[in-house]
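Me: Please take a close look at one part of this model, the largest nonpolar core. Set it in context as you go.

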Amino acid sequence: METSTLLSWIIFTPLLFGLLVVLLPQRLEQQFRKAALVQTLVNALLATVVYLGFDGSSAGAQFVHLVEWLPDWGINYRVAIDGISLPLVMLTAYVAPLAILGTWPDLHHGAGLKKEKFFVFCLMALQSGMYGTFLAADVFLFYFFWEVVLIPMFFLIGIWGGKERIYATVKFFLYTMVGSLLMLVAIFWLLKTGATEFGAPTGELAALAKLNFAFDGSSLGAALSSPQTLLFLAFALAFVIKVPMVPFHTWLPDAHVQAPTVGSVFLAAVLLKMGTYGLMRIAIPMFPQAAHYFSSLFIALGVIGIIYGAFCALHQTDFKKLVAYSSVSHMGYIMIGLFAFQKVAIAGALYQMINHGISAGGLFLIVGFLYERLHTRNLGEFGGLAKSVPLMAIGFMIMTLSSVALPGTNGFVGEFPILLGAFQVWPVYVLFAGTGVILGAVYALKAYQLVMLGPQTRTDLDGLTDLNLKEIVAMSVLTVFVFGIGFFPKAFFWKSDAALESYGTSLIQKVSSK
Amino acid sequence: METMNSSLPLLILISPLIGFFINGVVFPLKLKGFAKTSANAAGGTATFFIGLSFLFATVAFGKLLGGENPSLVTYCFEWFNFGGLEIPFELRIDRLSGTLVMIITGIGTLIHLYSTSYMHDEECVGRYFSYLNLFCFNMLLLVMGNNLPLLFFGWEGVGLCSYLLIGFWYTDTEKANAGKKAFIVNRVGDLGFLIGMFLLFRELGTLSLTEINALLADPAVVSRIMPSATLICLSLFVGATGKSAQIPLYVWLPDAMSGPTPVSALIHAATMVTAGVYMIARLNPLFELSPLALSVIAHTGALTALFAGSIAVAQTDIKKVLAYSTVSQLGFMFLACGVGAYQTAVFHLMTHAFFKALLFLGSGSVIHACSGEQDMTKMGGLKKYLPHTHLTMLIGSLAISGIPFFSGFFSKDEILYSAIALPNGVSYLFVIGVLTAMLTAFYTGRMMSLTFYGKEKMSEEVHHHLHESPALMTGPLYVLAGLAAFGGFLGVPHLLGDYLGHMPHLLSQWLAPIIPTKELPLVAVKLPLHEAVVMFGSSVIAVVSFFAGVAMFKRIEFISDIFGGFAPVQKLLANKYYVDELYHLMIVTPIKKIAAFAGDVIDKLVLDGAVNGVGRGVRVIGSTLRAVQTGDLQTYGILMLGGLLVAILLIFKVLV
């Protein structure tokens, strides 16, 4: 197998830049953000190189980089990329510079920087963690990066957050830790079984996936006490908390509302996908019978999430909270897609991960633009802004359309296959999930109208400026992705075809063979 | 059927999109602002590109006329293709879509032209025209898309443009609300459409329109999908009730009148709202499989026709009259579909596009003349001030009323006769149809009377500014008037055709390869009346009702003005049977309550309460365990040693 250090560069470039920034003198404070921009652009470039070099006809892992770490335990530093992690890495690489650009601090209005050095360092460390999670090919390395992500996010919310930031960040941290702990236990179990089974310890995900844990689906009690189920549930709990799946979602609205805009963008666009990625990479394919046995439960919770999230979104007066609940709702579609055990739906779920990253990222940027200018997120305190900020109104409209999954936008490319595919297996659930199509339009258009339409009620809008160049660039790139993917999904996702095909085939085979 | 590869469908589709880009992106960039494009530049550009589309459409139509039953196909690119779901971006013009493309681009061009003058003094005309072009793109995609997801693409796209254009004057909350309502109500229907698609995919494994219709020619396939046909058809029909404003989802259309009047003419009369009829006509082999679904469609259509027609009688806003009239006429089209007379539905779709676009544009001219006034009780006597508008609107009115031999006469008569004579026909639906036809002629006469005849009731101010519209507006009116007057001769019934040198029913013949013609028996079994009797009877009813309407309302405004007993009826009709209020009570309020319950009670109290409870519990345990932290180094040392010992035992697998 061809090896390459390229993926390691992707993972560690942010951290290297981070260390560089730490070493820079404090008086260069105003330049740190530029360093972050350069770093994200370097990463985008590296990711593009990987994308171009990626062989779309192969379903297997590529660009493998292996370094011995704890060989006695079978744990190694092993990174690789395949058609499933590729889109997520690309998403991270392209959203990051846009997030930096779209939240550039405006120093002209007297707002000072707050601990800028550490802030930028956290952003960079966060990225290393996210790349590492998507690229890890060793179960322990995966866990390592999964936990790494927590720390910078904890500080981002806890230091630069809003009024309730401490409550929010502790809640975020504890929620995730609870899930992680069970996952750690499960990982040790996996490693131990692997060592017995293979004769030598290994942490390689691909090898561990060959393990066959006993599963007895004859009754609920038997299923629940099967080793496979215990492992599945331990992993799944960690992942669904991150997704977040109802009823484990209540950390998300608080975290979003308190987080600084750039944190929210990363959180919504990338962090949540770590949960669905974990399900897709580990929990479902490694414990397929258990996942299949409990799939109706997860689909049901996905459907509940769609409807419940939409209702909660509808009731919010805080714009950011509304977008946060809309994330809960939209992530429900991905849950349905993943647990439908149906090829079209699985593909849709992967696409939806990317598409939600784009639309939610864009919407959080809009919230940030408004907050930066008017210092409020209360939907009652806007109104009629389209007249003053037409560019923002257009950007907001495009992200809204993407969010309601209008055909021609990327949102449709994810939602339609999920619903169509899942319908073949679970028609009634999909019928209920479909109400999300209606409710989604209700809250999205409500938010748009309260902000942009109607008469202007504020008296301080004379000085309101439309998007600046950096913000225009950020929104434009997102717009290109919204319509590019909407019209030409193949052009963006064809390199995942082989991997999705083999993933779906082997998964369906595993659950139908017995 | 021969298929020709051609770039014409793509050219037809893409040209309004280019217009959209120029008005939406290029001009604003060049002029550095959205409100700076002049009306002439914006309107000229938009008209040019839809005109170009019309030109291509004409060429394409010419090619269709040439062959046996050719269709022009552009395969653009692969849209979706994964996991066994293959959806190409493929456009197709055949006789059915070709006919609609001609209507869309033709009437579209006229309305763009008209808009250039009508919207001349508005702010942000560039935005208006870019939306209008974008609408045409989506409408053309809806009609030409060769698979259901593409049709749905256009279907949702026209909905978006409708939303944007209804709320064009967005600073007015009421107008913005109307746009939102249209979008959301349509989405309810769209869910039905989606489910219909999913079911079809499950049964047939394809969503391509050509493949679906080809598969349905196979008796084996037919018998296989027979059990689910009703469910599929009804799901799709739910979609149609949204887009085509039928009971119970018609409520958005009257509100949609808050958009600019040319928009009402193009979107809410001539094109978009007929999408449901097109969809059913396109999938007629599927709908033929379910007599139950057809019966539901026929009943919904007939009921909507009567219901909306009765509301129209009591409205005072000229656009509201036309809006309810549109709902009513769409009901007629569904009645036709429901009895299996799809080509008749398409025929009425066409004539309706002519005369209703004409009436709306005419009303726009009236509103323009009256300085924006839409209330007919503040008009009257406009005939002498607006001679061109009056003449053309009169033609439109005669056409919609079904006066012989204007276009509406032919199509409506065919629907009425089909409703009784075809095997699926039902006699009471025929009676409802006749009643509705009577109401139609009556409220149209009333509208003409209140507007053009009778006493002048406008204010001094308005009176002072009265003026006939410029040629750019009256021109399109005359073209449409010509079509409304003579368009019906495309569908002359046998009975009359025989006297006209054996003139055939051109439209039925034209559509026959797509919609098989059913023989209309000359003497219906269920109603032993000769076709001539029906025709003569309905003509008399139309003429009498229309002139009664004109005559009665020269002096009065409501029937209740003469017959006191009508007062409660008048109130009920004027308030549209209180359906909006009912929906508000039964749907909007509960949704808000559920949302409040979910957000405030479940999320904050139950779920977060549980989480915070766990947090508190941990804190209690923590303060108990704090006792361990003695601060005594020796204790720590012993504990550490113990821990280390356990760890070592674990690692060397002594314990496990």
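Reply: Two residues are in contact here if their C-beta atoms, placed from the backbone, lie within 7 Å. By that rule, in chain B of this predicted model, residues 24 or more positions apart account for 79% of the contacts with a separation of 6 or more. Of the 656 residues of chain B, 56% count as buried. The chain has 26 helices and 3 strands. Its C-alpha atoms fill a box of roughly 115 × 70 × 60 Å along the principal axes.

Now the core. The largest nonpolar core holds 420 residues. Seven of its members touch the most others: Phe235(A), Ala283(A), Met335(A), Leu140(B), Leu335(B), Ala357(B) and Ala484(B). The top contributor is α15(A), with 18 residues. From chain B, domain 1 (1–146) and domain 2 (362–567) each supply at least three residues.

Take Leu335(B), one of those seven. Set aside its neighbours within four places in sequence. Leu335(B) then contacts Ala298(B), Gly301(B), Ala302(B) and Ala305(B). Ile415(B), Ala419(B), Leu429(B) and Gly433(B) are also its partners.

Next, the contact between the chains. Chain A gives 45 residues and chain B gives 41. On the chain A side, α15 (343–374) is among the helices that supply at least two residues each, as are α13 (295–315) and α21 (497–512). The most comes from α18(A), with 10 residues. By class, this side of chain A has 29 nonpolar, 12 polar and 4 charged residues. So α15 of chain A appears twice: it gives the most to the core, and it supplies at least two residues of the side that touches chain B.

How values were computed: Residues are numbered from 1 along each chain as its sequence is written. Chains are lettered from A and ligands numbered from 1 in the order in which they are written. This is a predicted model: local features need pLDDT of at least 70, side-chain atom pairs count only at pLDDT 80 or more; totals for chains, interfaces and linings use all residues. Helices (H or I, at least four residues) and strands (E, at least two) are DSSP runs, numbered from the N terminus. Ala, Val, Leu, Ile, Met, Phe, Trp, Tyr, Cys and Pro count as nonpolar, Asp, Glu, Lys and Arg as charged, and the others, Gly among them, as polar. A nonpolar core is a set of buried Ala, Val, Leu, Ile, Met, Phe, Trp, Tyr and Cys residues joined through C-beta atoms within 7 Å. A residue is buried if 20 or more other C-beta atoms lie within 10 Å of its own, exposed if 12 or fewer, and partly exposed in between; C-beta atoms are placed from the backbone. Domain bounds come from an automatic or database domain assignment.
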